[in-house]
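Grab a pencil and work through these exercises with the structure open beside you. Try each task before reading its solution.

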Amino acid sequence: MHPEVEAMDVDEVPENIINLNTIKIRSRNANRIRNLNASRATRDRKDPKCLMRTNKKSSTVWLFLKLLLFAVCIGAFIVHLSNTKELGEHLKNNYYKAYERMSRLYNDLCTKRRANFTPIVEAIAGNVIGQQHLHEELDDWFQTIGNSSYSCALFVGATGVGKSFTANIIAKHYPYPRNVLHLSSTKLNDEKQHYAAFKMAVFKIQQETFLRGKCTYYMLVFDYVNPTDMPFVKKVSDRLRVLSNSHHLILQALFIFKGTADNLQNDMIRQIIPEARLINFAPLGRNELEHCIRREASKIGIDLRDKDYIVEQVANHINVTRHGCKPVRAKLLLHSG
């Protein structure tokens, strides 16, 4: 036997060798002392019957908790169904009350301080030609704005007498110019499209009033309306009347009819639209036409001093009764060039 090899005892086995009979591990430490440790498998092993009893108890508790939670959810759902209708009505009533209060508050922001329409009347008196009565009629109309929630005016007259020009002055000098909405029939093919554009304008008014807090004075300008479009005018007026009353808005509508519209009479209009005010524009004469020529020449930079013959030539080529001042600029450029 090799001298360095130590003889083993009869009850020893090599290190880390497991004795299957005893289920023990024998090993030597650094000091050559034998250690006897119980097997980890033997140490951690539990009684199967104890484990089964524990699992049964845990599963029973969890099942009870699940059933309790399910019963609570069912009860809450039943209570919710029974109270849904009553709760919905309560929320709806509170919403309407808050909405009504908000509407009145926004209305008070503008109506307590009446809008000033004097600049409009002054601008019309200084710029509109041949309509001396217009100053008084529009001043009377503006004085009544605010007494009722909705009012409208219908401009009727021959072509070129200043209806659209007057509407532009009103829009420019309106107390709240950003609240003026233009809807022109020239860009729309039929009444259906025209009314769709009107509904979009109404939606914009509602949005700006309640979401952005804008003032409640609004004006809608409908240009190039046909004399046969009175059903459309009535439909728009009815819608604006309801909107102004329900939302506490002050709305004005301005309808500008193209052509003479001789079939429109004040009494007939009032029967259809009680708030309507029919404003007739007088036809222009020779003096008003020459005034238009001189004013237009000054706008485009043409000096007509000592050139009365140009004024006469332009005036002779325009049918003022039929066209008014509309063709003045084109004729003026032709004869002065």
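A residue counts as buried when its relative accessible area is under 20%, and as exposed when that area is over 50%. Keep in mind that the model you're looking at is predicted.

**Exercise 1. Getting your bearings**

Find out how many helices and strands the chain has, and what share of its residues is buried.

Solution. Start by counting: you should get twelve helices and eight strands. Next, take the burial: of the 337 residues in the chain, 34% are buried. Finally, look at contacts between residues at least 6 apart in sequence: 73% of these join residues at least 24 apart.

**Exercise 2. The two sides of H3**

Work out which residues of helix H3 (residues 118-127) are buried and which exposed residues sit on the face turned away from them.

Solution. Step one is the list: Ile120, Val121, Ala123 and Ile124 are the buried ones. Step two is to look around the axis: these residues cover an arc of only 165°, so they're on the same side of H3. Here's a handy rule: an α-helix has 3.6 residues a turn, so residues three or four places apart point the same way. Step three is the face turned away from the buried side, where you'll find the exposed residues Glu122 and Gly126. Last, ask what the buried side packs against: the partners are helix H4 (132-144) and helix H5 (163-172).

**Exercise 3. A loop residue and its contacts**

Place Arg114 in the chain and decide how exposed it is.

Solution. First, the place: Arg114 is in the loop between helix H2 (48-111) and H3. Then check its relative accessible area, which is 44%. Since buried means under 20% and exposed means over 50%, Arg114 counts as partly exposed. Now for its company: setting aside neighbours within four places in sequence, Arg114 touches Gln143, Ile145, Gly146, Asn147 and Tyr217. Take Gly146 from that list: along the chain it's 32 residues from Arg114, yet their C-alpha atoms are separated by 7.5 Å.

**Exercise 4. Is His247 buried or exposed?**

Solution. Begin by locating His247, which belongs to helix H7 (residues 230-247). Its relative accessibility is 12%, so His247 counts as buried. For one more distance, try Thr216: it's 31 residues away along the chain, and the C-alpha atoms of the pair are separated by 9.2 Å.

**Exercise 5. H10 and its two partners**

Describe how helix H10 (residues 308-316) packs against helix H12 (residues 328-336) and helix H9 (286-300).

Solution. Start with burial: Ile310, Val311, Val314 and Ala315 are buried in H10. Seen down the helix axis, they fall within an arc of 130°, so they line one face of H10. These buried residues pack against H9 and H12.

Now take H12. Its axis is 9 Å from that of H10, at an angle of about 130°, so the two helices are oblique to each other. The crossing is right-handed. H10 brings Ile310, Gln313 and Val314 to the contact, while H12 brings Val328, Lys331, Leu332 and His335. Sorted by class, that's four nonpolar, two polar and one charged residues.

Then do H9. The axes of H9 and H10 are 10 Å apart at an angle of about 120°, so this pair is oblique as well. H9 and H10 also make a right-handed crossing. Residues in this contact include Arg286 and Leu289 of H9, and Asp308 and Val311 of H10. By class, the contact has five nonpolar, one polar and five charged residues.

How values were computed:
Residues numbered from 1 in each chain as written. Predicted model: local features only at pLDDT ≥ 70, side-chain atom pairs only at ≥ 80, totals over all residues. Heavy atoms only, no water. Axes fitted to C-alpha atoms, helices over the stretch in contact; angles between N-to-C directions. Helix = DSSP H or I, 4+ residues; strand = E, 2+ residues; numbered from the N terminus. Parallel < 35°, antiparallel > 145°, perpendicular 65-115°, else oblique. Left-handed = near helix turned anticlockwise from the far one by under 90°. Contact = heavy atoms within 4.5 Å. Nonpolar A, V, L, I, M, F, W, Y, C, P; charged D, E, K, R; others polar. Buried < 20%, exposed > 50% of the residue type's maximum accessible area, 1.4 Å probe, protein only. Arc of directions from axis to C-beta.
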